[in-house]
Amino acid sequence: MLDQKALETFQPVNKPFFDGHAPFRVKPSDLIKSIEISAIEAREMVDDPLGNAPKQPFGFLNSVWQHFREGLKDDDKLWLFKSHHQVGWFVNEMRLGYARVNGSEIESHFIVQVIELPRDVDKQIPTNAMRGKGKRK
Amino acid sequence: MTAQAPERILINGDTQGLSEWPLETYIGLGGQLPELNDFWSSANRRGYVGTWQIIDERLYLIKIRAFLKDGGFGNLGDFFPGYPDRVFAHWYCGALTIPEGKEIEHENSEFQAKYERDRLIQFENGVVTKTIIRHNGEAPEGAHDPFQVAAWWQP
């Protein structure tokens, strides 16, 4: 089994999941729109009415976001992205998040949502792709 | 591969098995959990069993039982310090599949058994957006129900 250090050599910040296929990369065609940090943090604010999550951007995952933020340079831009990625036999995922762009280079990314796309979109709604894909730190 | 102990969900007063592992999404997005004993059982490679509940159209983790690497069992407070009673699964997007009715086909592999119906509940950031019932067919006489399957592995 690969350990976390080995995984990190394959994967960028907020690591997508090692799956035996090509490492996930955000492509220029995946970029949707440029977005400011303040706008991201406003739209990703978690506010549970029962108080069962921290009221902060990305909730329990705020520390992961802070780590991503710390890696930003002054001239970096953040872009909302949506990508499709094959993770196994007949398994495709949609991944949404924020990409760090510097000039024409996509430097790293922060994934917010991972949704498995059904084989037959007419038969069911998407299921989640994360079964067994996470890697514990 | 040995069939894996499912996560559980309290729904309509019953405990049912889940085909998905929502906490793996959390781990995959970078969330940290305590170190778990990977060798708890071949029927539980992930090292924990969580119990989930939908309250006011939101998905919550209400209980977890895990075998920690340094010995002993871990609970929700060990996984989410400061939240020992309930955790809002805001990270979860996609669907949960809850088998219903009797078993049509049995497979001793990961989540391959088929039941008469599947309740598919779709979530966006932990909030229910859609529920549909998928009908898979009729079970033979004497087939068992998903709850029996969900309950077979007790941590």
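This is a walk through a predicted model with chains A and B, going from the overall layout down to single residues.

Let's begin with chain A. It has 3 helices and 4 strands, and if you read along the sequence, they come in the pattern α-β-α-α-β-β-β. Of the 137 residues in chain A, 32% are buried. You can also ask how far along the sequence its contacts reach. Take the contacts in chain A between residues at least 6 apart: 47% of them join residues at least 24 apart.

Now for chain B. Here you'll find 3 helices and 9 strands, and starting from the N terminus they run β-β-α-β-β-β-α-β-β-β-β-α. Chain B has 155 residues, and 41% of them are buried. Contacts with a separation of 6 or more can be sorted in chain B too, and 56% of those are between residues 24 or more positions apart.

Back to chain A for a look at two of its strands. Strand β3 covers residues 91-102 and strand β4 covers residues 105-117; the two pair in the antiparallel sense over 11 bridges. To see one such pairing up close, find A:Arg95, which sits opposite A:Val114 in β4(A). The two strands form a hairpin with 2 residues between them. In that turn, A:Gly103 has a positive phi of about 65°.

Next, stay in chain A but move to a loop. A:Ala53 lies between α2 (37-43) and α3 (62-70) of chain A. Is this loop residue buried or exposed? A:Ala53 counts as buried, because it has 25 C-beta neighbours inside 10 Å, and 20 or more is what it takes to be called buried. Which residues does A:Ala53 touch, once those up to four places away in sequence are set aside? From chain A, the list holds A:Val46, A:Asp48, A:Gly59 and A:Phe60. From chain B, it holds B:Val87, B:Phe88 and B:His90, so have both chains in view when you look at this spot. For a sense of distance, compare A:Ala53 with A:Glu105: they are 52 residues apart in sequence and 35 Å apart in space, C-alpha to C-alpha.

One of those partners, B:Val87, leads us to the core. In soluble globular proteins, nonpolar side chains tend to be buried together. The largest nonpolar core in this model has 51 residues. Which of them touch the most other members? They are B:Tyr60, B:Leu61, B:Val87 and B:Ala89. Pick B:Leu61 and trace its contacts, again skipping residues up to four places away: B:Leu23, B:Gly50, B:Trp52, B:Leu76, B:Val87 and B:Ala89. Notice that B:Val87 and B:Ala89 turn up here as well.

From the core, go along chain B to three of its strands. Strand β7 (residues 94-105) pairs with β8(B) in the antiparallel sense over 9 bridges. β8(B) also pairs with β9(B), again in the antiparallel sense, this time over 8 bridges. A good residue to follow here is B:Leu120 in β8(B), which has B:Thr97 opposite it. In β9(B), the bridge partner of B:Leu120 is B:Ile132.

Right beside that partner in the numbering is B:Ile133, which is in strand β9 (residues 127-135) of chain B. B:Ile133 counts as exposed because it has 10 C-beta neighbours inside 10 Å, and 12 or fewer is the cut-off for that label. Beyond its neighbours within four places in sequence, B:Ile133 is in contact with B:Arg117 and B:Arg119. Its C-alpha is 6.2 Å from that of B:Leu120, though the two residues are 13 apart in sequence.

Finally, two loop residues with a backbone surprise. Most residues other than glycine have a negative phi. B:Asn125 is not a glycine, yet its phi is positive, at about 50°. You'll find B:Asn125 in the loop between β8 (114-124) and β9 of chain B, in a hairpin with 2 residues between the strands. B:Asn125 is partly exposed, since 18 other C-beta atoms lie within 10 Å. The other residue is B:Asp56, with a positive phi near 50°, in the loop between β3 (48-55) and β4 (58-67) of chain B. B:Asp56 counts as exposed because it has 9 C-beta neighbours inside 10 Å.

Conventions: Residues are numbered from 1 along each chain as its sequence is written. Chains are lettered from A and ligands numbered from 1 in the order in which they are written. This is a predicted model: local features need pLDDT of at least 70, side-chain atom pairs count only at pLDDT 80 or more; totals for chains, interfaces and linings use all residues. A nonpolar core is a set of buried Ala, Val, Leu, Ile, Met, Phe, Trp, Tyr and Cys residues joined through C-beta atoms within 7 Å. Two residues are in contact if their C-beta atoms, placed from the backbone, lie within 7 Å. Two strands pair if DSSP finds at least two bridges between them.
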